[in-house]
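User: I've got a structure open and would like to talk through it. Can you take my questions one at a time?

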Amino acid sequence: MPRLDDLTRPPGRPARLLYGGDWNPEQWPEETWAEDLRLMRRAGVTTVTLGVFSWARLEPEPGAREFGWLDRLMDLTRAHGIDVVLATPTASPPPWLGRRHPETLPRDEDGRTEWWGSRQHFAHSSEAYRAHAAAITEDLAARYAGHPALVMWHINNEYCTYDWGDEAARTFRGWLRDRYGTLDALNTTWGTDFWSQRYASWDEILPPRRAHYLRNPSHVLDFRRYTSDLLLECYRAERDIVRKHTPHLPVTTNFMPFWSGQDGWAWAAEEDVVSVDVYPDPADPRAGAHENAFVADLTRAEAGGRPWMVMEQAAGAVNWRTVNRPKPEGLNRLWTLQAVARGADAVHFFQWRPSRQGAEKFHSGMIGHSGARGRGYRETVRIGADLARLGPRVAGSRVPGPGIALLHDWHSWWAGRHEGALSGHLDQGDLVRTWHRALWEAGLPVTLAHPHHDLAAHPLVVLPHLYLLDDTAVANLERYVAGGGRLVCGFFTGVADPHDRIRPGGMDARLRALLGIDRIDEWWPLDPDGPDARADCGTFRGTLWSEELVPAPGAEILASYRGGPLDGRPAVLRHGRTRYLSTLPEPRALRTLLAEAAHEAGIHPVVTGLPDGVEAVRRGDLLFLLHHGRDPVTVRVPGRHRDLLTGATVDDTVTLDRFGAAVLEEHP
Ligand code: GLA
């Protein structure tokens, strides 16, 4: 199976990290191409992504093929020693497709059409869309299969199109038939006796369109599963076409970081290289650094611990926030090194050069509108030099495991987001981030994991909140703890089965037995905007949630609620090697609690006694030190090291300036 390693550790050549970005030269006069390539070379760019949105250029009218410009571009890129990640252009169909085949245009839940004029206006279920996408992919792959510049395929772009239209209704019914077999089974599973929703015919079933009041949660959950599956079908179809032509080249599609619409675990299993787009807000460098760390730990986990790729990040400002701040000097470099520290072997940007026209003219590029003399390009050159230095030592190496496993599952997130929920403030995506941040701030090594994964190697598993847990997951947790594992489990977990049916007792009975809970009588969400925003738990305050739980004999009560409606009730339990948190401790308390659990499990911070704002990450036998603060700091690293970024020898201490970094190896 082709891997990123094939590109970063080519036989007979020194190992390298990939560095580059989306390049859209079709937006520029052809005379400028060679100059761009020259500037890329100067910056150490190894790879460019071409053709992401080029469909209308490649196929200006149905069936026509205009490959000449791309031939010249591929040849020129190759002549400059730069490799190509070639995209299938199927994320943005040309206007003629929508005009001739209106059924290729998706509909929103109100039935409104998403017209051409922007991008991603394709109905995943439309046969016409799929046929045209397959045809252009086929011809593109056939034409460039043997081109020496081509090193990887990039399928579509950020799959993220929901569709509530008629084409979707048709395939949704097919998907449901495969899943349930009979209408009776569907009616029972969805509980359609509620509000007289019983279906008498498959044709009555629609995507969950706008309705008068709350929709059936099992229906909505299945629609989310179906959407992820149908988009994955589109990906697979194109992947299989390019694979047929180039079985030796890796294939990827770029994830939106932690986007709720794709089951990332299922998708990653279908990719040769897992790649992600990550755009933290530079307005808050500390929060942004955490976002990077979180996305990196997730993507590395999806890649099974193997090296992964940042397909897109911004060199400076994006153009889609209310206020779009550039990155202050040094931050782009720091965040790039952070991705590498956490396992990336390839860092690409959106994009090489900002467009002068179109919706993204204010989006930064590796070379800004100020050109080669600008600060942005200078930093691009500096980063290229850093990556070139690190490549031979870093490429292919692993972030040592197993560390703490942080559990996340998309299906549970989807189910928990239903509109009829107990608290509109409860969101699994937020909670998994909050717990990850606590672990990150404590400097502890962590990876994300699916609740079905084999957890045995992890000394500690933390589960912030999984509303929905299937039997396999519950059995997996039981097995893990029985085998000596330690578990910290957050509230409102194991509440529903895979069809979003409530499990009696407030939580799955096997899980209650594991955690020392007899039953949960009531869930008591806390209103962050109300007078009871915080619950006094003695040594800390709980937020967001609380529970009226009755402990089982043998459970030790570590903290109890004081005052308020749950006065005297347990807030935190310990039972054997498990702990249960019925509330979300404020950040400092959560950090302390998780750090204690890690300590008991024998997991320690990568480096202890770090100054505030410094992150330490091991990759292979190297130690990355990353300073996310502005004031210079001194870090103690006993012994003699060499900083690969500067070549300097480091004796016992290293000083890091604002957004500074060091990559240390033991002195030979
Ligand atoms: C996404 C897309 C890119 C670009 C960037 C802008 O990640 O994939 O084409 O629009 O956003 O931030």
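Analyst: Sure, what follows is a run of questions and answers on this model, which is a predicted one.

User: Let's begin with the ligand. Which residues are around the ligand?

Analyst: Aromatic names in the set include Phe 53, Tyr 279, Trp 320 and Phe 350. Arg 119 and His 363 are there too. The rest of the set is Asn 157, Glu 158, Asp 277, Glu 312 and Glu 360.

User: How far is the side chain of Glu 360 from an oxygen atom of the ligand?

Analyst: Asn 157 has a side-chain N or O atom 2.7 Å from a ligand oxygen, and a polar side-chain atom of Glu 158 also sits 2.7 Å from an oxygen of the ligand. For Glu 360, the distance from a side-chain N or O atom to a ligand oxygen is 2.4 Å.

User: And how much of the ligand's accessible area does the protein cover?

Analyst: Taken on its own, the ligand has 310 Å² of accessible area. The share of that covered by the protein is 96%.

User: On to helix α7. What span should its residues give, and how far apart are its end C-alpha atoms?

Analyst: α7 runs over residues 166-180, which makes 15 residues. At 1.5 Å a residue the helix should span 21 Å, so the model agrees with that expectation. The end C-alpha atoms are apart by 21 Å.

User: Which helices do the buried residues of α7 pack against?

Analyst: The buried set in α7 is Glu 167, Ala 168, Ala 169, Thr 171, Phe 172, Arg 173, Trp 175, Leu 176 and Tyr 180. Right after the helix comes Gly 181, with a positive phi near 75 degrees. The packing partners of those buried residues are α6 (127-144), α8 (183-190) and α9 (217-245).

User: Now the salt bridges. Asp 36 and Arg 353 pair up, but how many residues apart are they?

Analyst: Their side chains meet at 2.7 Å, N to O. Asp 36 is in helix α2 (residues 33-43), while Arg 353 is in the loop between β9 (344-349) and α13 (375-394), so the bridge links distant parts of the chain. In sequence, the separation is 317 residues.

User: Is Arg 353 buried or exposed?

Analyst: The cut-off for buried is under 20% relative accessible area. Asp 36 is buried at 1%. Arg 353 has 19% relative accessibility, so the label is buried.

User: What about Asp 621 and Arg 393: which of the two counts as exposed?

Analyst: These side chains form a salt bridge at 3.4 Å, N to O. Asp 621 is in the loop between β22 (614-619) and β23 (622-627) and Arg 393 is in helix α13, so parts 228 residues apart are tied together. Arg 393 is partly exposed at 31%. The exposed one, at 52% relative accessibility, is Asp 621.

User: Which residues are linked in a network of salt bridges?

Analyst: The structure holds 56 salt bridges. In the network, the Arg members are Arg 486, Arg 574 and Arg 579. They're linked with Glu 556, Glu 596 and Glu 600.

User: Last one: what does Asn 332 touch, leaving out residues up to four places away in sequence?

Analyst: Asn 332 is in helix α12 (residues 331-341). Its relative accessible area is 4%, so Asn 332 counts as buried. The residues in contact with Asn 332 are Gln 313, Ala 314, Ala 315, Lys 327, Phe 349, Glu 379 and Ile 383.

Conventions
Residues numbered from 1 in each chain as written. Predicted model: local features only at pLDDT ≥ 70, side-chain atom pairs only at ≥ 80, totals over all residues. Heavy atoms only, no water. Helix = DSSP H or I, 4+ residues; strand = E, 2+ residues; numbered from the N terminus. Expected span 1.5 Å × (residues − 1). Buried < 20%, exposed > 50% of the residue type's maximum accessible area, 1.4 Å probe, protein only. Contact = heavy atoms within 4.5 Å. Salt bridge = Lys/Arg side-chain N within 4 Å of Asp/Glu carboxyl O. Near = heavy atom within 4 Å. Polar contact = N/O pair within 3.5 Å; in protein donor to acceptor, adjacent residues only side chain to side chain. Areas by Shrake-Rupley, 256 points an atom, 1.4 Å probe, with all protein chains shown as cover.
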